[in-house]
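Got your viewer open? Load the model, keep the selection box handy and follow along from stop to stop.

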Amino acid sequence: MGKSTGFLEYQRKDAPALSELERIRHFNEFHEPLSEKEQKCQAARCMDCGVPFCQSGMMIAGMMSGCPLNNLIPEWNDLVYKGAWELAYKRLRLTNNFPEFTSRVCPALCEKACTCGAQGDPVTVRANEYSIVEKAYANGQAKACPPEVRTGKTIAVIGSGPSGLAAADQLNRRGHSVTVFERSDRPGGLLMYGIPNMKLEKNIIERRIKIMEKEGIIFRTGVNVGKDITAEELLRDFDRVILACGASNPRDIKADGRDAEGIYFAVDFLKSTTKALLDNGLKEGSFISAKDKNVMVIGGGDTGNDCVGTCVRHGAKSVLQLEMMPKLPDQRTANNPWPQWPRVCKTDYGQQEAAAVFGSDPRVYQTTVKRFIKDENGKLTGAELVRLEAEKNPETGRMMMKEVPQSEYTVHVELVLIAAGFLGSESYVTQAFGVETDSRSNVASIKGTHQTNVDRVFTAGDMHSGQSLVVRAIREGRDCAREVDLSLMGYTNL
């Protein structure tokens, strides 16, 4: 390494964030990048550790540890320290098609597995990645590089989320002709409408899409495959088809009063805000608004947190966030050692902002909805909640959450957002192609591959593996592209 003692000489310093009360005034990204000099010092903290778990991407105790893309992290950290920014970008792009996305929205599995983090503070890998890719754009190094030779093979990619885009990018580099179909009005899928603007500004997506178009990829938006165009047409017109439609079937809450007006799925709520922001600058009446409302978010994951942060920006009167499970510990426990993913309580940006505005963390643990309350006009006015406790199932030995008798209480809410996860792909697409699905409604594939039971049809991303991270979806897309290329050419160099 360029600075073998850097981890001893420099303290971790991450990209600073604007204060909570300042950043809730807008929907823009709110982290300020470090100076080039400071970023070099942070890259110098990457030690010559011998076994870089940061790039391992392996499952440990049922959890992913390290980068699923196997990014060459020690290499480009060393190059950043030396000031070789262009070479660092080339190294980064060898394994990651979209570092401008992952450096903003990835939970940094790499940092959780960093050897420096075993006894101290990990290297600022995500911030280093951000600096590499943004400097590449600023210096004109992130530019279109269309393939010099075309193979004459054609591929249809259904869905323009991270897995679909990664597959398209890889196959286009190989020289195949790729057309991406997207049912929304803009490409990007989850990246465009599932992740709020303050985490990923949409011009960042548009910037990459323009490069991909210059490289020869065709994007057809507003086309709902399975409805606007048939599977038969695609299989007739293209040599291969990749299904990358995501796990877009949201899990519902089955409780009395669910039909009350004022209950929405989180994904619909977030999309309405982003679309209005892009279309008309968030004109009043053009989106599902939380302004002056008591809001309850059901679900404690990233999507639930995004809803909290969005509601705060809308000007909600109050925000309550329900989590069924107990609060995780603040520090690693003895049975959760490094380099496992740390099962600790995470307070994210939305919860920080809600605490700054309302005076306390919005989360309530071990609680769920028993029934929704509505008025004579069918409008939501409140919800009856019930406390939960963990109880071991005597037959399976698994812990189950059970209602605590006589623990019910009522809260006043006018808006409920359901962020309880997803159940898999939507059935009309899978039925259109006749592909088999597994017990979780994900598209099934031949074991160890991305090939479905239908000839020439492959699958990738959340549609294949279930709801997961952007970085894992990119890996899915890359792996699927390799299989498609092999099936077309008889060999592959992807």
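Is Ala108 buried or exposed? Select it and switch on a surface: Ala108 is buried, because its relative accessible area is 5%, under the 20% cut-off. Keep in mind throughout that this is a predicted model.

**Stay on Ala108 for the backbone**

Ala108 sits in the loop between helix 6 (99-105) and helix 7 (109-112). Check its backbone torsions and you'll find phi near 60°, a positive value in a residue other than glycine. That deserves a pause, because most residues other than glycine have a negative phi.

**Jump to Ala61**

Here's another alanine with a positive phi, near 55° in this case. Look for Ala61 in the loop between strand 1 (58-60) and strand 2 (63-65). Is Ala61 buried or exposed? With 58% relative accessibility, it counts as exposed, since the cut-off is over 50%.

**Zoom out for a moment**

Now show the whole chain as a cartoon. You're looking at 18 helices and 16 strands. Put a box along the principal axes and the C-alpha atoms fill roughly 65 × 60 × 55 Å. How does the radius of gyration fit a compact globule? A compact globule of 494 residues would come out near 23 Å, and the protein has 23 Å, so the two agree.

Colour by burial next: 51% of the 494 residues count as buried. The protein exposes about 22,200 Å², with carbon and sulfur atoms supplying 48% of that area. If you draw contacts with a separation of 6 or more, 68% of them come from residues 24 or more positions apart.

**Select helix 13**

Pick residues 266-280, which make up helix 13. Its 15 residues should span 21 Å at 1.5 Å a residue, and the end C-alpha atoms are 21 Å apart, so the expected span and the model agree. Show side chains for the buried residues: Ala266, Phe269, Leu270, Ser272, Thr273, Thr274 and Ala276.

What covers those buried residues? Turn on the surroundings and you'll see that the cover includes helix 10 (190-194), helix 11 (202-214), strand 7 (263-265), helix 14 (302-314) and strand 15 (415-418). Just after the helix comes Gly281, with a positive phi near 70°.

**Single out Phe269**

Phe269 is in helix 13, and its relative accessible area is 0%, so it counts as buried. Which residues does Phe269 touch, leaving aside its neighbours within four places in sequence? Select Ile288, Cys307, Thr310, Cys311, His314 and Leu417 to see them. For a distance check, pick the C-alpha atoms of Phe269 and Gly226: they are 43 residues apart along the chain and separated by 25 Å.

**Finish in the loop before helix 15**

Head to the loop between strand 9 and helix 15, where you'll find Pro339. The peptide bond from Trp338 to Pro339 is cis, with omega near 10°. Take a good look, because most peptide bonds are trans.

Move along to Asp348, in the loop between strand 9 (318-323) and helix 15 (349-358). Asp348 has a relative accessible area of 18%, so it is buried under the 20% cut-off. Display its side chain together with that of Lys346, and you'll see a polar contact of 3.3 Å joining the two. For partners beyond four places in sequence, select Asp302 and Asn305, both in contact with Asp348.

Technical notes
Residues numbered from 1 in each chain as written. Predicted model: local features only at pLDDT ≥ 70, side-chain atom pairs only at ≥ 80, totals over all residues. Heavy atoms only, no water. Helix = DSSP H or I, 4+ residues; strand = E, 2+ residues; numbered from the N terminus. Buried < 20%, exposed > 50% of the residue type's maximum accessible area, 1.4 Å probe, protein only. Polar contact = N/O pair within 3.5 Å; in protein donor to acceptor, adjacent residues only side chain to side chain. Contact = heavy atoms within 4.5 Å. Expected span 1.5 Å × (residues − 1). Rg over C-alpha atoms; globule rule 2.2 N^0.38 Å. Areas by Shrake-Rupley, 256 points an atom, 1.4 Å probe, with all protein chains shown as cover.
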